[in-house]
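Subject: Structure handed over, with notes

Dear colleague,

I am passing on the structure we spoke about, and I would be glad if you opened it before reading further. My notes come after it, so that you can follow each point on the screen.

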Amino acid sequence: MFDQLREDMAAIMARDPAAKSKLEVLLCYPGLKAVRAHRRAHKAFLKGHVTLARIISQRSRHKTGIEIHPGATIGKGFFIDHGDGVVIGETTIIGDNVTIYQGVTLGGTGKETGKRHPTIGNGVTIGSGAKVLGPITIGDNVKVGAGSIVLKDVPPDCTVVGNPGRIVRKKNVKRNEIDLDQVNLPDPMMEKMQALYERLTHMEQCLARRACEMGCEECAGECMIQKDLTEAKNTEV
């Protein structure tokens, strides 16, 4: 038990620059308190003491704002940063060295039975407000952008953003390296819109030049204005 506590505390010290001491982490971090309570609740759950397990998990929820069902399986080095509003469902499986931020939901999509919550691989980072729903698998070293909604499996070493979640980068991190950047993520929709804008601008310029050559003032627009200004300058000279 103490070895597991040391591993959880070491994970927080390594990933949170605000953590100044192990004592501070032990006394002041709700994510650590929630994980410690969950480990007790999970042991009771596995022994068949379901009501006791739920009581432990609900007490922890009221104290920390983090709801972890006692049936969830969580690996070592799990870090919940801030944590308020985090919800982790009963059949969720979380690997080692996973980091999640406030407002994250690892939930189901309805009234399915059996495995109905996500399986999260090792070294995964899930940004603030992200929702990972259903019995899907998130591969090792995946990064889920803040506010994303993921409804399909994600292969290892990818970045997912958007609603619904789309893979925007593959092979973006090194193995065993935890990437905590939630901000500098590619935006595929903005990139497509920028490309479309540049294409339309080019087409408009081409059409304006052609209209100018044909003498159509109504269609030429700025091209005719520039032509008139040039002719006026030449007349003055």
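What follows is a short account of the overall make-up, the salt bridges and a charged patch.

Please keep in mind throughout that this is a predicted model. The chain is built from 7 helices and 15 strands, and of its 237 residues, 39% count as buried. If you look at contacts between residues at least 6 apart in sequence, you will find that 34% of them join residues at least 24 apart. The surface that the chain exposes comes to about 13,900 Å², with carbon and sulfur atoms supplying 56% of that area.

Turning to the charged side chains, the structure holds 4 salt bridges, and I describe some of them here. Aspartate 3 and arginine 6 meet through their side chains in a salt bridge, at 2.2 Å from N to O. Both belong to helix 1 (residues 2-15), and because they are 3 residues apart there, about one helical turn separates them. Arginine 6 counts as exposed, since its relative accessibility is 51%.

Helix 1 also takes part in a second pairing, in which arginine 39 forms a salt bridge with aspartate 8, the closest N and O atoms being 3.2 Å apart. This pair links distant parts of the chain, for arginine 39 sits in helix 3 and aspartate 8 in helix 1, 31 residues apart. Are these two partners buried or exposed? Arginine 39 counts as buried because its relative accessibility is 12%, and aspartate 8 counts as buried because its value is 2%; the cut-off for buried is under 20%.

A further salt bridge joins the side chains of arginine 61 and glutamate 67, at 2.9 Å from N to O. Here arginine 61 counts as partly exposed, with 33% relative accessibility, and glutamate 67 is likewise partly exposed, with a relative accessible area of 25%.

Finally, please look at the surface where Lys33, Arg36, Arg40, Arg59 and Lys63 gather in a patch of positive charge. Helix 3 (30-46) and helix 4 (50-64) are the elements that give two or more residues to this patch, and helix 3 gives the most, with 3 residues. Arginine 59, one of the patch residues, lies in helix 4, and it counts as exposed because its relative accessibility is 52%.

With best wishes

Notes
Residues numbered from 1 in each chain as written. Predicted model: local features only at pLDDT ≥ 70, side-chain atom pairs only at ≥ 80, totals over all residues. Heavy atoms only, no water. Helix = DSSP H or I, 4+ residues; strand = E, 2+ residues; numbered from the N terminus. Buried < 20%, exposed > 50% of the residue type's maximum accessible area, 1.4 Å probe, protein only. Contact = heavy atoms within 4.5 Å. Areas by Shrake-Rupley, 256 points an atom, 1.4 Å probe, with all protein chains shown as cover. Patch = residues over 30% accessible without salt bridge, like charges linked within 9 Å, V, L, I, M, F, W, Y side chains within 5 Å. Lys, Arg positive; Asp, Glu negative; His and termini not counted. Charge placed at Lys NZ, Arg CZ, Asp CG, Glu CD.
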